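Reader: I would like a close look at a single part of this model, taken slowly and with the surrounding chain kept in view.

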Amino acid sequence: MADDGGSSGRLRRELGVLPPGDFRSCIAALADSEALTTQLFQYRFNVGQGLDGHSFGNLFIAAMAAVTGSFESALAESSRVLAVQGRIVPSHITRCHLDG
């Protein structure tokens, strides 16, 4: 949970959520839905002052975290809504920063 670059990093800094990018990719890969749903979840905005660089899936997970009250609930509910086959579990939910 140390990703602090790109869309995940921006959401982490601006909204205080855990970085959703890796989870977005897992959800998109494991979703039992039409290919269009996977494309939508992976779609990255390339215009707009605030949206540029964000992926739809990252914004979806951040919104689900706000609606459900936690990142863990957001993953569970996102998985349910998108009919994910399997269970996506974070290795840990502690916010951390890697110094390089």
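Reader: Is the crossing of α4 and α5 left-handed or right-handed? Please set the answer in the context of the residues that meet there and of the aromatic rings.

Author: The model is a predicted one, and in it the crossing of α4 and α5 is right-handed. By class, the contact between these two helices is made up of 6 nonpolar, 3 polar and 1 charged residues. On the α4 side the residues are F60, I61, M64, A65 and T68, and they meet F71, S73, A74, E77 and S78 on the α5 side.

As for the geometry, two packed helices are described by the angle between their axes and the distance between the axes. Helix α4 covers residues 56–68 and helix α5 covers residues 71–81, and their axes come within 8 Å of each other while crossing at roughly 115°. Since angles from 65 to 115 degrees count as roughly perpendicular, α4 and α5 are therefore roughly perpendicular to each other.

Two of the residues in this contact, F60 and F71, also lead to the aromatic pairs, of which the count comes to 5. In one of them, the rings of F23 and F71 have their centres 5.4 Å apart and their planes at 75°, so that this pair is edge-to-face. The pair links distant parts of the chain, with F23 in helix α2 (residues 21–30) and F71 in helix α5, 48 residues apart. Both F23 and F71 are buried.

Another pair is formed by F56 and F60, whose ring centres lie 6.1 Å apart with the planes at 40°, so this pair is tilted. These residues are 4 apart in helix α4 and are therefore separated by about one helical turn. F56 is partly exposed, with a relative accessible area of 26%, and F60 is likewise partly exposed, at 22%. Together with F41, the residues F56 and F60 form one aromatic cluster, while F60 also takes part in the contact of α4 with α5.

Turning to the chain around this part, the secondary structure comes to 5 helices and 0 strands, and from the N terminus on the elements run α-α-α-α-α. Of its 100 residues, 35% count as buried, F23 and F71 being among the buried ones. Among contacts between residues at least 6 apart in sequence, 54% join residues at least 24 apart, and the ring pair of F23 and F71, at 48 residues apart, links distant parts of the chain.

Definitions and conventions. Residues numbered from 1 in each chain as written. Predicted model: local features only at pLDDT ≥ 70, side-chain atom pairs only at ≥ 80, totals over all residues. Heavy atoms only, no water. Axes fitted to C-alpha atoms, helices over the stretch in contact; angles between N-to-C directions. Parallel < 35°, antiparallel > 145°, perpendicular 65-115°, else oblique. Left-handed = near helix turned anticlockwise from the far one by under 90°. Contact = heavy atoms within 4.5 Å. Nonpolar A, V, L, I, M, F, W, Y, C, P; charged D, E, K, R; others polar. Phe/Tyr/Trp six-rings, centres within 6.5 Å; stacked < 30°, edge-to-face > 60°. Buried < 20%, exposed > 50% of the residue type's maximum accessible area, 1.4 Å probe, protein only.
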